[in-house]
Amino acid sequence: VASTAAQEGARLGAAEDGNPATAQARTLDVLRSGLGSVGDGFGVTASESEESATIKASGGYPLIIPWLGSQTISIDSQAEMRKEGFRSGP
């Protein structure tokens, strides 16, 4: 879910009319859709350069294993997409 969310956010950020704010919002939306309230605990950063849009998502997912008790696994995901649009050149 975290990988898909980062990819979807980066894709939206790389669109011709995309920006980091919309990319970050889309990533959080996909996290919440896939992980429920756990998605609210993820930190998402969006950045862009002249050529690409990058999303980083990180957080924890609780696991309940009867013989080990409650554990949280760390999840980190990053996606980068090349920006869309016309580029003049040779």
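A residue counts as buried when its relative accessible area is under 20%. The model on display is predicted, and this tour begins with a residue to which that cut-off applies.

**First stop: Val44 and the hairpin**

Select Val44, which lies in strand β1. Its relative accessible area is 9%, so Val44 is buried. Which residues does Val44 touch, leaving aside those up to four places away in sequence? They are Gln24, Thr27, Leu28, Leu31, Ile55, Lys56 and Ala57. Next, add Ser58 to the selection: it stands 14 residues from Val44 along the chain, and the C-alpha atoms of the two are separated by 6.6 Å.

Now extend the selection to the whole of strand β1 (residues 43-48) and strand β2 (residues 52-65). The two strands run antiparallel and are joined by 6 bridges. One pair to display is Thr45 with Lys56, its bridge partner in β2. Between β1 and β2 there are 3 residues, and the two strands form a hairpin.

**Second stop: Ser52**

Proceed to Ser52, which belongs to strand β2. Is Ser52 buried or exposed? With a relative accessible area of 10%, Ser52 is buried. Show its side chain together with that of Glu80: a polar contact of 2.9 Å is found between them. Not counting residues up to four places away in sequence, Ser52 touches Ser47, Glu80, Met81, Arg82 and Lys83.

**Third stop: a salt bridge from strand β1**

Keep Lys83 displayed and add Glu48. The side chains of these two residues meet in a salt bridge, at 2.8 Å from N to O. Glu48 lies in β1, whereas Lys83 lies in the segment after β3 (69-82), so the pair ties together parts that are 35 residues apart in sequence. Glu48 is partly exposed, at 41% relative accessibility.

**Fourth stop: salt bridges around helix α2**

How many salt bridges does the structure hold? There are 6. For another of them, select Arg26 and Asp29, whose side chains meet at 3.0 Å, N to O. Both residues lie in helix α2 (residues 20-35), 3 residues apart, which is about one turn of the helix. In an α-helix there are 3.6 residues a turn, so residues three or four places apart point the same way. Arg26 is partly exposed, with a relative accessible area of 30%, and Asp29 is likewise partly exposed, at 37%.

Then select Asp40 and Arg32. A salt bridge joins their side chains at 2.5 Å, N to O. Asp40 has a relative accessible area of 48% and is partly exposed; Arg32, at 40%, is also partly exposed.

**Final stop: helix α1**

Finish with helix α1, residues 2-14. This helix has 13 residues and reaches 18 Å from its first C-alpha to its last, close to the 18 Å expected at 1.5 Å a residue. Which residues of α1 are buried? Colour Ala2, Ala5, Ala6, Gly9, Ala10, Gly13 and Ala14, which are buried in this helix. Turn the view to look down the axis of α1: the buried residues fall within an arc of 160°, so they line one face of the helix. To see what covers these buried residues, display the neighbouring elements, which include α2, β2 and β3.

Conventions
Residues are numbered from 1 along each chain as its sequence is written. This is a predicted model: local features need pLDDT of at least 70, side-chain atom pairs count only at pLDDT 80 or more; totals for chains, interfaces and linings use all residues. Side-chain values use heavy atoms; hydrogens and water are left out. Two strands pair if DSSP finds at least two bridges between them. Helices (H or I, at least four residues) and strands (E, at least two) are DSSP runs, numbered from the N terminus. A salt bridge is a side-chain nitrogen of Lys or Arg within 4 Å of a carboxyl oxygen of Asp or Glu. Buried means under 20% relative accessible area, exposed over 50%, partly exposed in between (1.4 Å probe, protein chains only). The expected span of a helix is 1.5 Å times one less than its number of residues. The arc is that of the directions from the helix axis to the C-beta atoms. Contact means heavy atoms within 4.5 Å. A polar contact is a pair of N or O atoms within 3.5 Å; within protein, one must be able to donate a hydrogen and the other to accept it, and residues adjacent in sequence count only if both atoms are side-chain atoms.
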